[in-house]
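Work through the exercises below with the sequence and the model side by side. Each task is followed by a solution in steps.

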Amino acid sequence: MAKSKVYFIPVTETDNKEVIIKKLQRLIQESKLLDFVLPQEDIAIKLHFGEEGNTGFVKPEYIKVICDIILEKNAKPFLIDTNTLYKGRRTDSKEHLKLAEEHGFNKKEIGSEIIIPDDSLEENTIDIKINQRFVKTAYLVRAFIESDAIIGISHFKGHIMTGFGGALKNLGMGCATRKGKLFQHSDIAPIIYKQKCTGCGECIKICPQQVIYLKENKAVIDGKRCIGCASCIAVCAFSAIDVNWESGSSTLPEKMVEYVFALLKDKRDKTAFLNFAIKITKECDCIAKDDPRICADIGILASFDPVSIDKASYDLVVRQCGRDIFKEVHPKRDSHRQLNHAYKLGIGNLDYELISLS
Ligand code: SF4
Ligand code: SF4
C-alpha cells in the first residue's frame with residue numbers, strides 16, 4: 001500500500017485566533033481536504049461538543065471555518081454527535097444540545113444545523129452486518145450512514161480505555177448507538193451499585209427485555225437475557241447503574257475499529273479527517289473538568305486516512321515530549337492496538353508521508 005499523505009501545520013493555543021483560523025484555511029486548501037464535496041450533498045461533521053466543565057474540545061470558531069467552506073460549495077453541512085453511555089449532561093439529546101449551545105455551537109454563529117439523534121428511537125438507528133472477528137453487527141446512528149460524506153474532527157488526546165483518542169475513536173465509539181457503545185465497552189450486562197439504588201423502579205419500567213427486578217428493594221439484572229441496550233443506565237437518576245468498564249476492555253480497541261470499518265465501508269472516498277493536537281490532555285473530552293496539558297501544543301493535521309492521521313499525531317506527540325507520554329499516563333493501555341487492528345482491516349495505512357506547512 002502506498003504511503004498516505006498527512007498534512008500538518010504547527011499551531012499553539014497561544015496563537016491569535018485569527019492566525020489559527022488562517023492556518024486552518026491554508027491546511028484545508030493545500031491538502032484539498034474538502035475538494036470532494038459536491039453541491040447539495042449532506043455532510044456530517046462528527047465532533048465532540050465537550051462535557052460540562054471540559055475545555056479541550058475543538059472550538060466552534062474552527063468548526064465554522066470548515067462549515068463555511070462546505071457552504072460555499074452549496075453543500076449542506078450539519079454538526080453531529082451521539083449521546084453518551086455514562087451519566088452526564090450528554091446522556092440525552094435535549095440536555096446534550098443545550099450544552100453544545102453553552103459551548104458556543106449554535107446555528108446562528110456557525111451557519112449549520114446541530115443534531116444529536118435520540119437513539120432510543122428505532123428510526124434513528126441502523127444495524128450494519130460486517131461479520132468481523134469481534135463485531136458481527138454494528139449498531140450505528142442512522143444519520144451517519146445516510147449522509148453523503150463524513151468529516152471527522154477530533155481533539156487528539158489521551159484516553160483512559162484506549163491510551164489515546166483521535167480519528168478512530170471519534171468515529172468508532174462516537175458514531176455508535178448507546179447499545180453499540182455498551183457492546184464495545186463491556187462483554188456483559190451493566191452492573192448495579194446497590195448502595196446507590198433507591199429501589200425507585202424506573203429502570204424496571206424502561207427495560208425492553210423486562211430483565212430487571214427488585215430484590216430487598218434493590219434492582220437486580222438478569223444478565224443472561226440483557227440485550228445491552230443501555231436504557232437503564234440512562235434512566236437511573238441515582239447513577240446506580242453503570243457499564244462494567246473493565247469487563248470488555250481487553251477487546252475494546254479492536255471492537256472500536258470494527259465499528260469504524262462498518263461506518264466507512266461504503267464511504268471510502270467520502271471521508272476526511274482533521275486532528276487538533278492542541279491542549280493535549282491525559283483524558284478525553286468526556287471528563288467534566290479543565291484537564292491540564294500533558295504535552296505542549298503541536299498543531300492541526302489533515303488526511304483522508306484515519307489510521308495515518310492518528311499514527312502521525314501519535315508520533316508527533318512522542319517526538320514533542322521526548323517519550324511516549326500516553327504510555328506513561330495510561331501504563332495499562334496499548335495505544336498501538338487500535339492502529340494495528342485498523343490497518344489489518346484495511347481501514348488505512350500505518351506508513352504515511354508527513355507534509356509540513358508553516
Ligand atoms: S433506576 Fe436506579 S435507583 Fe431506581 S431502581 Fe433502578 S437502579 Fe435503583
Ligand atoms: S441494558 Fe437494556 S436490556 Fe439490559 S438490563 Fe439495561 S435496559 Fe434491560
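Strands are DSSP runs of E with at least two residues, and they are numbered from the N terminus. By that count, Ile355 belongs to strand β18, residues 352–356. Keep in mind that the model is predicted.

**Exercise 1. Two residues of one strand**

Task: Classify Ile355 as buried, partly exposed or exposed. Then do so for Tyr352, and list the contacts of each residue.

Solution.
- Step 1. Recall the cut-offs: 20 or more other C-beta atoms within 10 Å make a residue buried, 12 or fewer make it exposed, and counts in between make it partly exposed.
- Step 2. Ile355 has 16 C-beta neighbours inside 10 Å, so it is partly exposed.
- Step 3. Tyr352, also found in β18, has 21 such neighbours and therefore counts as buried.
- Step 4. Skip residues up to four places away in sequence. Ile355 then touches Lys5, Val6, Tyr7 and Phe8.
- Step 5. With the neighbours within four places set aside, Tyr352 is in contact with Lys3, Ser4, Val6, Ser308, Lys311 and Ala312.
- Step 6. Check C-alpha separations. Tyr352 and Asp305 are 47 residues apart in sequence but 9.2 Å apart in space. Ile355 and Lys267 are 88 residues apart along the chain, with 25 Å between their C-alpha atoms.

**Exercise 2. Strand β2 and its partners**

Task: Which strands are joined to β2 by bridges, and how many of the residues of β2 are buried?

Solution.
- Step 1. Locate β2 at residues 42–46; four of its five residues are buried.
- Step 2. Take β3, residues 76–80. Five bridges join β2 to β3, and the two run parallel. Ala44 stands opposite Phe78 of β3.
- Step 3. Take β7, residues 149–155. Four bridges link β2 to β7, again in parallel. Here Ile45 faces Ile151.
- Step 4. Add helix α2, residues 60–72. Together β2, α2 and β3 form a right-handed β-α-β unit.

**Exercise 3. Positive phi outside glycine**

Task: Where do Asn74 and Lys279 lie, and is each buried or exposed?

Solution.
- Step 1. The phi of Asn74 is near 60°, a positive value in a residue other than glycine. Asn74 sits in the loop between α2 and β3.
- Step 2. Asn74 has 11 C-beta neighbours inside 10 Å and so counts as exposed.
- Step 3. Lys279 has a phi near 50°, also positive in a residue other than glycine. Its loop runs between β14 (271–277) and β15 (280–281).
- Step 4. Lys279 has 23 other C-beta atoms within 10 Å, so it is buried.

**Exercise 4. A hairpin with alternating side chains**

Task: How do β11 and β12 pair, and which face of β12 is buried?

Solution.
- Step 1. β11 (residues 212–215) and β12 pair in the antiparallel sense over four bridges. Ile212 stands opposite Ile221.
- Step 2. Two residues separate the strands of this hairpin; in the turn, Glu216 has a positive phi of about 50°.
- Step 3. Sort the side chains of β12, residues 218–221. Ala219 and Ile221 point to one face and are buried; Lys218 and Val220 point to the other and are not.

**Exercise 5. An enclosed helix**

Task: Why can helix α7 be called largely enclosed, and what does it pack against?

Solution.
- Step 1. α7 spans residues 178–185. Eight of its eight residues are buried, so the helix is largely enclosed by the rest of the structure.
- Step 2. Among the buried residues are Arg178, Leu182, Phe183 and His185.
- Step 3. The buried residues pack against β6 (137–141), α9 (231–235) and α10 (252–264).

**Exercise 6. Domains and ligands**

Task: Which residues make up each domain, and which lie closest to each ligand?

Solution.
- Step 1. The domain assignment gives domain 1 as 4–184 + 248–356 and domain 2 as 189–242. Their C-alpha centres lie 31 Å apart.
- Step 2. Ten residues of domain 1 contact seven residues of domain 2. The touching side of domain 1 has three nonpolar, two polar and five charged residues.
- Step 3. Ligand 1 is surrounded by 14 residues, the closest being Cys197, Cys200, Cys203, Ala219 and Cys236. This shell has ten nonpolar, three polar and one charged.
- Step 4. Ligand 2 is surrounded by 16 residues, the closest being Cys207, Cys226, Cys229, Ser231 and Cys232. Its shell has 13 nonpolar, three polar and no charged residues.

Notes:
Residues are numbered from 1 along each chain as its sequence is written. Chains are lettered from A and ligands numbered from 1 in the order in which they are written. This is a predicted model: local features need pLDDT of at least 70, side-chain atom pairs count only at pLDDT 80 or more; totals for chains, interfaces and linings use all residues. Two strands pair if DSSP finds at least two bridges between them. A crossover is right-handed if, with the strands pointing away from the viewer, the path from the first strand over the helix to the second runs clockwise. A residue is near a molecule or strand if its C-beta atom, placed from the backbone, lies within 6 Å of it. Ala, Val, Leu, Ile, Met, Phe, Trp, Tyr, Cys and Pro count as nonpolar, Asp, Glu, Lys and Arg as charged, and the others, Gly among them, as polar. Domain bounds come from an automatic or database domain assignment. Two residues are in contact if their C-beta atoms, placed from the backbone, lie within 7 Å.
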